Amino acid sequence: MQINQFNKNFTSNHYRLERKYLLFSGEDWKFKEYLASNEFRKSFPARFVNTIYFDTENFNFLDDNIQGISKRIKVRARWYDKNFNINLELKKKYNMNVWKPTLSLGKFESLNQFVEFLLVNKNIEKISNIVGVSIFPVLMIKYLRDYWLSYCKKYRATLDTNMQVSKFYSNNF
């Protein structure tokens, strides 16, 4: 799936290398032990990461991921804890290289207010225009993230636990 050039209002970060590992439920202590024994220290207080993922009508972004397409994109709205300063992120991935330009969608009073914002067609159309393809919200995810930094400060690690997932239109989140 080709995505149009990103809007000039996006802030961007530098490319980074990213690797993900799957841990079995309840075994996060092993990873924490490994990090500590390799001179990693907690670098930031743990916080909840809240995300609404978007996709096309045919789920092209999901399909690219399942098919293992090395050059792909994730479109998501993200905020932390109960701070509803919500950013639109266009996470671009090429092999293990990641680039994540972001754009502020604004400050909202609650999740319900943000959901109402998303349900207004003109707002979804604006987001779709930025991405370059028609998209809609499909999935909500919430998890607790721990942040770690190596002694040399060249490497960082995050550990995500307490995952909650629901369809976008469900009230289970």
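**Close-up views of buried contacts and salt bridges**

**View 1. The R76–E89 pair.** R76 and E89 are both buried in this predicted model. Their side chains form a salt bridge in which the closest N and O atoms are 2.7 Å apart. The pair links distant parts of the chain, with R76 in strand 3 and E89 in strand 4, 13 residues apart. Each of these two residues also appears in another view: R76 is one of the residues touched by T51, and E89 is among those touched by V75.

**View 2. The surroundings of T51 in strand 2.** T51 belongs to strand 2, which spans residues 40-55. Its relative accessibility is 0%, and T51 therefore counts as buried. Leaving aside residues up to four places away in sequence, T51 touches R76, A77, R78 and W79, together with L139, M140 and I141. With one of these residues, R78, the side chain of T51 makes a polar contact of 3.0 Å. V75 lies 24 residues from T51 along the chain, and the C-alpha atoms of the two residues are separated by 9.9 Å.

**View 3. The largest nonpolar core and the contacts of V75.** The largest nonpolar core comprises 25 residues, of which I52, F54, V75 and F114 touch the most other members. At least two residues of this core come from each of strand 2, strand 3 (71-80), strand 4 (83-94), strand 6 (102-107), helix 3 (111-119) and helix 4 (121-131). Beyond residues up to four places away in sequence, V75 is in contact with I52, Y53, F54, F61, L88, E89, L90, V131 and I135. Another core, of five residues, lies apart from the largest one and includes V49, Y53, Y143 and Y147.

**View 4. The E18–K93 salt bridge.** The model contains eight salt bridges. In one of them, E18 pairs with K93, and the closest N and O atoms are 3.9 Å apart. This pair links distant parts of the chain: E18 is in the loop between strand 1 (16-17) and helix 1 (28-37), K93 is in strand 4, and their positions lie 75 residues apart in sequence. E18 and K93 are both buried.

**View 5. The R145–D160 salt bridge and a salt-bridge network.** The side chains of R145 and D160 meet in a salt bridge, with an N to O distance of 2.7 Å. R145 is in strand 7 (residues 136-150) and D160 is in strand 8 (residues 156-167), so the salt bridge ties together parts that are 15 residues apart in sequence. R145 counts as buried because its relative accessibility is 15%, under the 20% cut-off. D160 has a relative accessible area of 29% and is therefore partly exposed. In addition, D28, K32, K42 and D146 are joined into one network by salt bridges that share partners.

**View 6. S166 in strand 8.** S166 is placed in strand 8. Its relative accessible area is 6%, so S166 is buried. K142 lies 24 residues from S166 along the chain, and the C-alpha atoms of S166 and K142 are separated by 9.1 Å.

Key: Residues are numbered from 1 along each chain as its sequence is written. This is a predicted model: local features need pLDDT of at least 70, side-chain atom pairs count only at pLDDT 80 or more; totals for chains, interfaces and linings use all residues. Side-chain values use heavy atoms; hydrogens and water are left out. Helices (H or I, at least four residues) and strands (E, at least two) are DSSP runs, numbered from the N terminus. Buried means under 20% relative accessible area, exposed over 50%, partly exposed in between (1.4 Å probe, protein chains only). Contact means heavy atoms within 4.5 Å. A polar contact is a pair of N or O atoms within 3.5 Å; within protein, one must be able to donate a hydrogen and the other to accept it, and residues adjacent in sequence count only if both atoms are side-chain atoms. A nonpolar core is a set of buried Ala, Val, Leu, Ile, Met, Phe, Trp, Tyr and Cys residues joined through side-chain atoms within 4.5 Å. A salt bridge is a side-chain nitrogen of Lys or Arg within 4 Å of a carboxyl oxygen of Asp or Glu.
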